[in-house]
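Reader: I'm about to poke at this one in some calculations, and I'd rather understand one part well than skim the lot. Could you pick a part, zoom in, and then tell me how the pieces around it connect?

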Amino acid sequence: MKVYIEDFRFKCIIGILDFERRTPQDVIINLKLVYEFTTDFINYADVAELIKATMQEGKFELIEDALITLFSLLKEKYPNISSLFIKITKPSILENCTVSVSDFQSYP
């Protein structure tokens with residue numbers, strides 16, 4: 001079974017520059033998780049809430065740190081995940097482009 005959460009948009013503090021630490025910025029998160037569907041299904045509303053709460057509470061300096069934290073939290077909460085893809089995008093941080101960081105992890 002694959003669950004996709006795409007174009008999940010919200011504001012949070014993320015970045016290393018002074019202006020990034022003062023004003024919440026738009027972020028977009030895309031997620032794909034693969035798991036064995038049994039009676040333990042993955043509630044995508046809970047996943048979205050966990051992601052948003054973690055990003056807003058964490059006030060991460062680097063997108064990479066947020067990515068690593070989300071991988072850890074999701075795998076811990078949902079041990080039936082066999083693989084996970086996360087992409088975090090800051091659409092308005094640079095003029096004329098977006099910045100994204102993504103990673104894929106497969107679990108034995």
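Author: Let's start with Asp7, which counts as partly exposed because its relative accessible area is 47%, and that value falls between the cut-offs of 20% and 50%. Keep in mind that you're looking at a predicted model. Asp7 sits in strand S1, and its phi is positive, near 55°, even though the residue isn't glycine. As background, most residues other than glycine have a negative phi.

Now step back to the sheet that S1 belongs to. The sheet is open and has four strands, laid out S1-S2-S3-S4 with antiparallel pairing. At the edges you'll find S1, residues 2–12, and S4, residues 97–106, and each of these pairs on one side only. On average, neighbouring strands are turned by 15° against each other, if you ignore direction. In general, strands of a sheet pair through backbone hydrogen bonds, either parallel or antiparallel.

The part I'd zoom in on is S3. Towards S2, the link is made by eight bridges: S2 covers residues 25–35, S3 covers residues 81–94, and the two run antiparallel. Following that pairing, Tyr35 stands opposite Ile81, and Val34 stands opposite Ser83. Towards S4, the antiparallel pairing runs over nine bridges. There, Leu84 stands opposite Gln105. S3 and S4 make a hairpin with two residues between them, and Asn96 in that turn has a positive phi of about 70°.

Two residues of S3 are worth a stop. Take Ser83, which lies in S3. Ser83 is buried because its relative accessible area is 10%, which is under the 20% cut-off. If you leave out residues up to four places away in sequence, Ser83 touches Lys32, Leu33 and Val34, along with Phe104, Gln105, Ser106 and Tyr107.

Then there's Leu84, again a residue of S3. With a relative accessibility of 0%, Leu84 counts as buried. Leaving out residues up to four places away in sequence, the contacts of Leu84 include Leu31, Lys32 and Leu33, then Phe71 and Leu74, and then Asp103, Phe104, Gln105 and Tyr107. Although Leu84 and Tyr35 are 49 residues apart along the chain, their C-alpha atoms are separated by 8.9 Å.

Phe71 and Leu74 in that contact list bring us to the helices. Let's take H2 before H3. H2, residues 44–58, packs on the sheet, touches S1, S2 and S3, and makes an angle of about 30° with the direction of S1. H3, residues 63–77, packs on the sheet as well, but touches S2, S3 and S4, with a direction at about 150° to that of S3.

Here's H2 in more detail. Its 15 residues reach 21 Å from first C-alpha to last, close to the 21 Å expected at 1.5 Å a residue. At its start, a side-chain oxygen of Asn43 comes to within 2.9 Å of the backbone nitrogen of Ala45. Val47, Ala48, Ile51, Thr54 and Met55 are the buried residues of H2. They lie on the same side of the helix because they cover an arc of only 135° around the axis. What do they pack against? The buried residues of H2 pack against S1, S2, H3 and S3.

Just past the end of H2 comes Lys59, with a positive phi of about 45°. Lys59 belongs to the loop between H2 and H3, and it is partly exposed because its relative accessible area is 47%.

Beyond that loop is H3. Its 15 residues should span 21 Å at 1.5 Å a residue, and the end C-alpha atoms are indeed 21 Å apart. The buried residues here are Ile63, Ala66, Leu67, Leu70, Phe71 and Leu74. They cover an arc of only 140° around the axis, so they lie on the same side of H3. The face turned away from that buried side carries the exposed residues Ile68 and Glu76. On the buried side, the residues of H3 pack against S2, H2, S3 and S4.

And that takes us back to S3: Phe71 and Leu74, buried in H3, are among the residues that Leu84 touches.

Conventions:
Residues numbered from 1 in each chain as written. Predicted model: local features only at pLDDT ≥ 70, side-chain atom pairs only at ≥ 80, totals over all residues. Heavy atoms only, no water. Pairing = 2+ DSSP bridges. Axes fitted to C-alpha atoms, helices over the stretch in contact; angles between N-to-C directions. Contact = heavy atoms within 4.5 Å. Buried < 20%, exposed > 50% of the residue type's maximum accessible area, 1.4 Å probe, protein only. Expected span 1.5 Å × (residues − 1). Arc of directions from axis to C-beta. Polar contact = N/O pair within 3.5 Å; in protein donor to acceptor, adjacent residues only side chain to side chain.
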